Amino acid sequence: MTLFDLFKMGLKNLSRRKARTALTVLGVVIGTVSIITMVSIGIGMNRTFEKQYMENGTMTVIQIQQYGSITDDEGNWVGEKEQVLNNELVEALRGIDHIKAIAPVIDAQINMKCGKYENGCQLRAIGRDSFAEFGYPGTIIGSYPTDGDNRKLVFSNYSLQNFYYWSARKVETKVVDLTTDSITVTFPAWQYKRNERKKEFKIKIAPNTENFAVMEESDNWEYNYYVYVDLDYFKEIWTEFCKTLTVQDRKKAMQELDTYDIIYVNVDNIDNVVEVQDAIKELGFVTYSDMTYLKPLQETSEMIQMVLGAIGALAMLVSAINIANTMVMSIYERTREIGIMKVLGCFVRDIRRLFLYEAALIGLIGGIIGIALSYLASFAINRYGGPIFAALMQTSGVYDVDGAKFSVIPVWLPFLAALFGMLVGVLSGYFPARRATKISAIEAMKTNS
């Protein structure tokens, strides 16, 4: 019996019992929709967690801060640990596998003045290679520091906004445009005493000069609020600033160059972040990364995905039982037909294949219809499911619920669902098909079915 004969006979037999076939297919449709929808919700939650944490920072970046937060096993804050971040630690980090870049950072407060307007900001000194290694945004004016051109300040988008002027009557604000405005940058001396006989240290930033650059606005909020400078150049200007201090404070201020405020570590792959964090922990340092918070959320999402998938699988199991019942009933009704096929010399394997094909066809038809309905269900969930999912996802640290996708169907899921539907049909029809091959031809001819 050829495949074409199987196809023709299978469709004919299924069409003879339209109501029963439709109800059996409906069971597979419900099972397929349940599996795809439930799994897509888990995938959607997981991708939302990843996307929104990516907006907060780079997923492969680990921070070692001067004051590391200590938490208990349940994640509750219990205190801080002061950590000495110096070149010895940097060298130790270079010996850890999977680290592709290390960026020591020194932070300092600066004052910026533009005419009568002023603004305070954090100056972040970081190695000039780190701008590329850590994926900083592009520049809209000028360029990042390089080996031959590192004597410049790089202003983030927001650092040039909200310059203010306090008068007796009101507060005036200004957004500085470095293509037309000049500003003066100084280090506030509130921590140290300035030598009154020394001239105050200043950096002049003016249009048409090459000692500054302006960054593009970034999705990573951390890049948007600092003024950046190459670490080597910062050491030069800080040393010049220290020369304007009293002798007593000069030594104290120079000691700030011996340690770092933060050390950033960029890992080669997101899967290795936790491993690198554990290695740094063995050195005695507390670390922070987005994976610290994302991993528990991913584990929770995977658990939810498994539970939802199990619910869908249960629905598919019910449909499998329904297919098996349909095939058994079909065998009882077609006992005489089976006997005739055997008398006419039909191979046993062809009889088995016929019933397996019918069962698989039921699974395939139900799977295809279920896939189409799953896309409609996913669309409805994403469009109208906001109020239902909002409370659940906000308690999980998702801040932009309006921009979240609650159901995501990847390309592979429909194909897997269709294959699974056929497999359920074949497995459900196997024992009925096997039963059909064991029916005696003589006994079958005696029946009136």
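**Exercise 1. How many of the 16 residues of strand E4 are buried?**

Solution. This model is predicted, so keep that in mind as you work.
- Step 1: Find E4, which spans residues 99-114.
- Step 2: Apply the cut-off: a residue is buried because its relative accessible area is under 20%.
- Step 3: Twelve of the 16 residues of E4 are buried, and the strand is mostly covered.

**Exercise 2. Find the strands that pair with E4, and give the sense of each pairing.**

Solution. Let's take the partners in turn.
- Step 1: Begin with E5, residues 117-126; E4 and E5 are antiparallel and share ten bridges. Across this pairing, Asp 107 faces Arg 124 of E5.
- Step 2: Look at the turn. E4 and E5 form a hairpin with two residues between the strands, where Gly 115 has a positive phi near 65 degrees.
- Step 3: Go on to E14, residues 262-267, which is joined to E4 by six bridges and runs antiparallel to it. Here Val 105 has Ile 262 as its bridge partner.
- Step 4: Finish with E10, residues 183-186, also antiparallel to E4, with three bridges. Asn 111 is opposite Thr 186 of E10.

A helpful reminder: in a regular strand, side chains alternate between the two faces of the sheet.

**Exercise 3. Which residues form the negative surface patch, and is Asp 97 buried or exposed?**

Solution.
- Step 1: The negative patch consists of Asp 97, Glu 275, Asp 278 and Glu 282.
- Step 2: Place Asp 97: this residue sits in the loop that links helix H3 (87-93) to E4.
- Step 3: Asp 97 counts as exposed because its relative accessibility is 58%.

**Exercise 4. Which residues gather in the patch of positive charge, and where is Lys 199?**

Solution.
- Step 1: The positive patch on the surface brings together Lys 113, Lys 199, Lys 202 and Lys 204.
- Step 2: Lys 199 belongs to the loop between E10 and strand E11 (203-205).
- Step 3: With a relative accessibility of 75%, Lys 199 counts as exposed.

**Exercise 5. Which residues make the nonpolar surface patch, and why does Ile 369 count as partly exposed?**

Solution.
- Step 1: Ile 365, Ile 369, Leu 373 and Leu 376 make this patch, which covers about 330 Å².
- Step 2: Trace Ile 369 to helix H10, residues 348-384.
- Step 3: Ile 369 has a relative accessibility of 39%, so this residue counts as partly exposed. The cut-offs used here are under 20% for buried and over 50% for exposed, with partly exposed in between.

How values were computed
Residues numbered from 1 in each chain as written. Predicted model: local features only at pLDDT ≥ 70, side-chain atom pairs only at ≥ 80, totals over all residues. Heavy atoms only, no water. Patch = residues over 30% accessible without salt bridge, like charges linked within 9 Å, V, L, I, M, F, W, Y side chains within 5 Å. Areas by Shrake-Rupley, 256 points an atom, 1.4 Å probe, with all protein chains shown as cover. Salt bridge = Lys/Arg side-chain N within 4 Å of Asp/Glu carboxyl O. Lys, Arg positive; Asp, Glu negative; His and termini not counted. Charge placed at Lys NZ, Arg CZ, Asp CG, Glu CD. Helix = DSSP H or I, 4+ residues; strand = E, 2+ residues; numbered from the N terminus. Buried < 20%, exposed > 50% of the residue type's maximum accessible area, 1.4 Å probe, protein only. Pairing = 2+ DSSP bridges.
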